[in-house]
Amino acid sequence: MPRITVTGATGHLGTLVIEELLRRRVPPQDLRATVRRVEKAAHWQEKGIDVRPGDFNDPDALKHAFAGTERLLVISTDAVGQRIDQHRNAVMAAREAGVKHIAYTSLVDQGAGESDSILAKEHRATEVIVRESGIPYTILRNTFYAEYLLAPVVQALDRGVCASSVGDAKMGGAARLDMAAAAAAVLIEPGHENKIYEITYPRAWDYREAVEIVSRVSGRHLEYKPVSPEELTQILQGAGVPAETARMIVGMEAPLRAGHLSKVTPDLERMLDRPVTSLEQIARQMLAETQVQTPEP
Ligand SMILES: NC(=O)c1ccc[n+]([C@@H]2O[C@H](COP(=O)([O-])OP(=O)(O)OC[C@H]3O[C@@H](n4cnc5c(N)ncnc54)[C@H](OP(=O)(O)O)[C@@H]3O)[C@@H](O)[C@H]2O)c1
């Protein structure tokens, strides 16, 4: 019977967690992947991993999905607005299935502005459900993926100017791969029971530094242009971005502007069995994926 179960196993993070568990020599027969659509997980079955359906809207399926497992990683779904009920279903099913240890991917502590954010509200409510379940738990409070935060910087290469309304705001974004590695560590190592980790890059960085890194790694000119939210809206619309999308992009920068993602801790660095992936390595990887030629490191 598989010892370790990972939900969201066809998503980006779930895929990386399973790859990391295999890299750390967990035998495939010790692993179970739960997914919404089994046909999307044929690659896991081919590796000898047990695949079970586990839609978080279906409590009966979840009970079957988690039966017999000892350690469970619940990866938060992307259904913002429905997640408290979905996550409650998963935690209750885990309890009924007799799971011995539950880990949950939450959201980094955003400080004073936290109560404004629906993301934070859903994650904090889920944390309470997890803690009150009585199952030994680990909360992995992930910060934002550096890949998401760096995307507008990489996309700005074609224009040579990266305009942003976040100014000099600090952020602790880290590689998604590293967050997956931290989750995998929790699933296979002892000593993580009843702990809450704030999973961040080990030091704060800002867009000025990100622009310098992306420019250097790509070998292309890129300058940083801090602007107001209103100016950014105008710049985006002037570049043909529809008004609604422009408003959305500027809105997405709001938590950064307010410094809500500035938290940094040594937790991630301590949990990995290798150095944290550097911003430069992340940028290099992103440029490779977008086919931008880069000079040799
Ligand atoms: N830290 C960050 O910057 C950041 C950014 C975005 C999201 N997140 C959060 O972290 C989670 C994992 O990130 P990711 O990169 O792996 O995102 P992702 O690739 O979008 O994966 C989302 C996962 O949630 C699964 N899912 C959605 N609805 C479900 C349901 N009803 N029942 C069971 N599973 C369901 C999806 O299943 P399918 O494969 O079937 O679609 C997918 O596996 C996200 O879901 C979100 O909660 C964090």
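**Close-ups of a pocket and a ligand site**

**Figure 1. The second largest pocket holds about 370 Å³ of space.** Here a pocket is an open set of points on a 1 Å grid over the protein atoms alone, with protein on both sides within 12 Å along at least five of seven lines, for a 1.4 Å probe; its volume is the space filled by probe spheres set on the points, joined across faces, edges and corners. The second largest pocket has 17 lining residues (an atom within 4 Å of a point), and Glu-147, Ile-282, Gln-285, Met-286 and Glu-289 sit closest to its centre. This is a predicted model, where local features need pLDDT of at least 70 and side-chain atom pairs pLDDT 80 or more, while totals for chains, interfaces and linings use all residues. Numbering runs from 1 along each chain as its sequence is written, and side-chain values use heavy atoms, leaving out hydrogens and water.

**Figure 2. Four helices help line the second largest pocket.** H1, H6 (146–155), H7 (176–188) and H13 (279–289) each chip in at least two lining residues; helices are DSSP runs of H or I, at least four residues, numbered from the N terminus. Sorted by class, that lining has eight nonpolar, six polar (Gly included) and three charged residues (Asp, Glu, Lys or Arg).

**Figure 3. Meet the 23 residues around the ligand.** Each has a heavy atom within 4 Å of it, and Thr-10, His-12, Leu-13, Ser-76 and Arg-176 come nearest. Helices H1 (12–23) and H4 (83–97) each give this shell at least two residues. The shell's mix is six nonpolar, 10 polar and seven charged residues.

**Figure 4. Polar contacts (N or O pairs within 3.5 Å) link the ligand to Asp-55, Tyr-145 and Gly-8.** A side-chain N or O atom of Asp-55 is 3.0 Å from a ligand nitrogen. Ligand oxygen atoms lie 3.3 Å from a polar backbone atom of Gly-8 and 2.7 Å from a backbone N or O atom of Tyr-145. Taken alone the ligand exposes 890 Å² (Shrake-Rupley, 1.4 Å probe), and the protein buries 85% of that.

Technical notes. Polar contact = N/O pair within 3.5 Å; in protein donor to acceptor, adjacent residues only side chain to side chain.
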